Structure formats: C-alpha cells, structure tokens
Amino acid sequence: MLNDTQKPADISDVVPIATSRRNFLLSASLTAVGAGTLIACGKASPDVRAQTGVPAGASGGTMGAHETAAPASALSASAKADAMDAMHEKGIKAFPAKTEGRGNQIFEPRMDKGVKVFDITAKVVQWEVEPGRKVEAWTYNGVVPAPQIRVRQGDRMRLVLKNELPESTAIHFHGLELPNNQDGVPFITQPPVKPGESYTYEFTVPNAGSHMYHSHHNSAKQVGLGLLGAIIVEPRRPRAIEKVDVDYVMILNDGAHGYTLNGKGFPATEPISAKLGQKIRVRFMNEGMMIHPMHLHGMHMTVIDKDGWPQPQPWKCDTLNIAPGERWDVIVNCNNPGTWAFHCHILPHAETEHGMFGMVTALIVTA
Ligand SMILES: [Cu+2]
C-alpha cells in the first residue's frame, strides 16, 4: 500500500480524471489505479507493466484499509460510499457519451477498371478518447480505428498509402496470406515509406475472415497511437451460421490512448444494439500489447472463427480471452432482453473507484 510520502508526485498529471475526482485517490487504491493509468498512457516502465498483471484485488476492498490511515476529520463511511456511488452513477448515466470523431466506419472504395482502390493518408490528429480528453493520434484518414475495409475473397484491391507522419511507416495486412512483396514489413519485404512519400499495395484478396491492417514500423508506438484498422474478407461461400442481423467489429487497444474499444474509452464507447431474437456477430480484434478477456453478461457467445479460420466445431463461452494479434468471431443469440454489461474482465482495464472506464460497453437487447 502506498502512503502519502510514497505517492508518485505526478499522479494527478497522468490520471485522466476530473479534479473533483482526484480526492478519491487515496492510499491503497493508488497503486492499481496509478499503475494502470501509467500503462494506459504508455509511460510505464517494464517493471510497472509486470506489476500490473496483478491482482485486480489490489485495488478492490481498499476502503477499510485507508480507514485506519485517514485523519479523524475524514468523511464517515456512509458519506464516502455515497460519494463513490455518485461517481459510478454519473459515469453510467453519461453512457454512451458523445465525443468528436468516429472510427471503424465502412470504407467505400473507388473503382478503377475493376480494382477496388482505397486511398489512405497517414496523419497526426487530435482524437477525443473520452469526453474532454483529447490525445495525439496517428491515424489512417484521421480516425481511430481506421475506416473498415470490406472486400470479398477474389477481389482485386489496391491500397495507396500517403505518409504525412513525421516518421517512416508501412502497412502490414495482418492475417492475409499475400505474396511476399505485399507483406508490408520494412527491410524484409519493402523499403520504409518516408515522410512525404506514397506507396502502393495491390493484390487479389486471398483468405476470408476477420483481419487487420496496421503499421509494421516502429509499431509499438505507431499502432499504439492509432495506425490500425479492420479488413474484413467476405467468404466466397458463406456458412449458414454466418447469417446474422448485426455484424459488429470490436477492436481492442491498450497503447498511448489507454484502454479502448474502437478508439474510445467508456463512457464514450459505442453500445451494440439488437432486437430480441436477432443474431449478432462480434469480431474481436486485439491491436494492443496485453490480453483482454472479454466478458458478456446475460447471454453466451458461440465461437465460430479464430484468426479468420472456422473452428472445427462452434463452442460456447461467456468470457473469451483475446490475445495481442488475435481475432475471434462469435455469434450471440439475443434471447435475453435488457442492457447487458460487456467488458474486459481484467478489472483494472474496466473499473476504478471512480467508476467504469476503458474497455466497457453494453449489449442492448430490446423486446
Ligand atoms: Cu483488458
């Protein structure tokens, strides 16, 4: 447990919360909250990263602990509970909070003699992750995640990358089994694309499934800052189980912008909506550097694909671990009406004493 003298001097600078909430960062909880946020801000040392694999429990049940350390003038337990509950309620009531910018929208290609052409400019923008929290983002076409590419197996596609970043870059098509010279890895398959330069990729779309495109140059930084997006390849012959009412791509990230779902942290994350009886497909993709076990309340998920490959047999779960680089496709039969929490179950990625944040959204099933 930290006491005041051990408290990091800059904690108020790195904890992205309203000033009024800072009073709540007391004793024990500081460890978990501070460390989690440092990682979220990409400022953590390897040591701090190692520590946070821990113990969601380290941040839980701490009220009693600082009760003893608190001065006599401290609020009563019930007043503290009320203050904490009010912050939790405020966060939930704000959901889904409006923020500027929305990524992961369908990318309409332009056609050039039968080739689907995607023009992409890599550039730096200010990106609103949560209401009022703007960060520097490195983006494809100004949004995080990048526009969602949807093509069919056998399509001819071209992607023209213009680099307006202050660093060299390159695009890797993660999961696509391409000819070697289209793989997008500087010094292995192509030269880096220098600032101000353009580079063209062109290929016939091979294997179907949920894939990603992202930077493969200085990538811990560049992907962490937002150079990532989904490339969905529709199969030539869809399976019966793929017939769904809602097809939703959920990209997880844990880089410089904190814990995000499709470029936003709760309460600015987007709820998934369905009508009772409808089927939804969720395509989880992890562009981060940590594992994220995604847990849906109220209904199970049926796993159909891993990294775009059909499972030998669909299988059921309610918590599905998504490791870095992985894509998992699941089907949910929306047979239970209500608003259901849907979140990462590494709890410091989803909740603090101040309420829910980061990797939290909801599945709303309306009767
Ligand atoms: Cu997580």
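**Exercise 1.** In this predicted model, determine which residue of β3 stands opposite Glu-130, and describe the pairing to which this contact belongs.

*Solution.* Step 1: Opposite Glu-130 stands Arg-133 in β3. Step 2: Strand β3, residues 133–140, pairs with β2 in the antiparallel sense, and eight bridges join the two strands. Step 3: The hairpin of β2 and β3 has two residues between the strands, and Gly-132 takes a positive phi near 85°.

**Exercise 2.** Identify the other strands that pair with β2, and state the sense of each pairing.

*Solution.* Step 1: β1 (residues 110–112) pairs with β2 (residues 115–130) over three bridges in the antiparallel sense. Step 2: Within β2, Lys-116 is the bridge partner of Met-111. Step 3: Two residues lie between β1 and β2 in their hairpin, where Lys-113 in the turn has a positive phi of about 50°. Step 4: With β5 (residues 156–163), by contrast, β2 pairs in the parallel sense, over seven bridges. Step 5: Asn-163 in β5 stands opposite Ala-122.

**Exercise 3.** Give the strand order of the six-stranded open sheet, and explain why one side of β11 and of β16 is left without a neighbour.

*Solution.* Step 1: The order is β11-β10-β13-β18-β15-β16, with mixed pairing. Step 2: β11 (260–261) and β16 (309–317) are at the edges and have a single partner strand each, so one side of each has no neighbour in the sheet. Step 3: Inside this order, β18 is followed by β15; β15 (residues 301–306) and β18 (residues 327–333) pair in the antiparallel sense over four bridges. Step 4: Here Trp-328 in β18 stands opposite Lys-306.

Key: Residues are numbered from 1 along each chain as its sequence is written. This is a predicted model: local features need pLDDT of at least 70, side-chain atom pairs count only at pLDDT 80 or more; totals for chains, interfaces and linings use all residues. Two strands pair if DSSP finds at least two bridges between them.
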